[in-house]
Amino acid sequence: MTTVLQTSSSPPVRLLMAPLGAGPRRIDGVWWPRTGDLLTELPLLLGALPYSWARVASVTVSGSMWSSMPGRMLVANQVVELHRARVVRDPHTICLLAPGMGRWDLAVVPPQTTEAEAQRLMADAVAMEATAVAAVMEVAEAVAAAPDGEVMKASGPRDDRQVHGTTNG
């Protein structure tokens, strides 16, 4: 088991929550981690979640998005089980489970996405219908992987817009 200590000097978590009372949703919010290191990023995310979400005991992620990880870790004196999704429906999500309280799904913007593009993607993903979220995250991955200055036609819900991709984070 890995123990992670949190410090107050940590940078703010880049997290945008979906509005309450919006009915059933595919995602509950969007998270933009700073790195692909789950051991560093997860404690910060869990510490930034709304108090009403209760204690998250289990986290499921896509193995393709994150570096290696242990089966569990200690965060704020509580054990959190870590799982890799066996079937990856959407590599850009993270599932948080709190026993007896519920499940929360967050879309994940790739860490290397530029700030302007990440902010647009986060706002769009929270505002969209569930079926459009996956398309937005596919565009995010393509933009983050594009060489500097390359322009590509967006394939998501806004395919009339040009998207500029850079590899800067």
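These are my notebook entries on a predicted model of a protein chain.

**Layout**

I started with the secondary structure. The protein chain holds 3 helices and 10 strands. Reading from the N terminus, I get the order β-β-β-α-β-β-β-β-β-α-α-β-β. I then looked at contacts with a sequence separation of 6 or more, and 61% of them join residues 24 or more positions apart.

**Surface and burial**

Next I pulled the areas. The accessible surface of the protein chain is about 9,000 Å², and carbon and sulfur atoms own 53% of that. Of the 169 residues in the protein chain, 42% are buried.

**Main core**

Which elements supply at least two residues each to the largest nonpolar core? I listed α1 (38–48), β4, β5, β6 (78–84), β7 (93–98) and β8 (102–108). This core has 23 residues, and α1 gives the largest share, with 4 residues. For the most contacts inside the core, I noted L42, L46, V59, I94 and L96.

I picked L96 for a closer look. Leaving out residues up to four places away in sequence, I found L96 touching L46, L49, W53, V56, S58, V59, G102, R103, W104 and L106. L46 and V59 turn up here, and both are also on the list of residues with the most contacts inside the core.

**Second core**

There is also a second, separate core of 11 residues. Among its members I wrote down V30, L121, M122 and A125.

**Aromatic rings**

How many aromatic pairs does a search of the whole structure find? I got 1. The partners are W31 and W66, with ring centres 5.6 Å apart and planes at 20 degrees; planes under 30 degrees apart count as stacked, so I logged the pair as stacked.

Where do the two partners sit along the chain? W31 is in strand β3 (residues 29–31), while W66 is in the loop between β4 (58–61) and β5 (72–75). The pair links distant parts of the chain, as W31 and W66 are 35 residues apart.

Are W31 and W66 buried or exposed? The cut-off for buried is under 20% relative accessible area. W31 has 1% relative accessibility, so I counted W31 as buried. W66 has 6%, so W66 goes down as buried too.

**A charge over a ring**

Last, I checked W32. I found R14 lying over the face of the W32 ring, at 3.4 Å from the ring centre.

Key: Residues are numbered from 1 along each chain as its sequence is written. This is a predicted model: local features need pLDDT of at least 70, side-chain atom pairs count only at pLDDT 80 or more; totals for chains, interfaces and linings use all residues. Side-chain values use heavy atoms; hydrogens and water are left out. Rings of Phe, Tyr and Trp (its six-membered ring) pair if their centres lie within 6.5 Å; planes under 30 degrees apart count as stacked, over 60 as edge-to-face and the rest as tilted. Buried means under 20% relative accessible area, exposed over 50%, partly exposed in between (1.4 Å probe, protein chains only). A charge sits over a ring if NZ of Lys or CZ of Arg is within 6 Å of the ring centre and within 35 degrees of the ring normal. A nonpolar core is a set of buried Ala, Val, Leu, Ile, Met, Phe, Trp, Tyr and Cys residues joined through side-chain atoms within 4.5 Å. Contact means heavy atoms within 4.5 Å. Accessible areas come from the Shrake-Rupley method with a 1.4 Å probe; for residues, only the protein chains shown count as cover.
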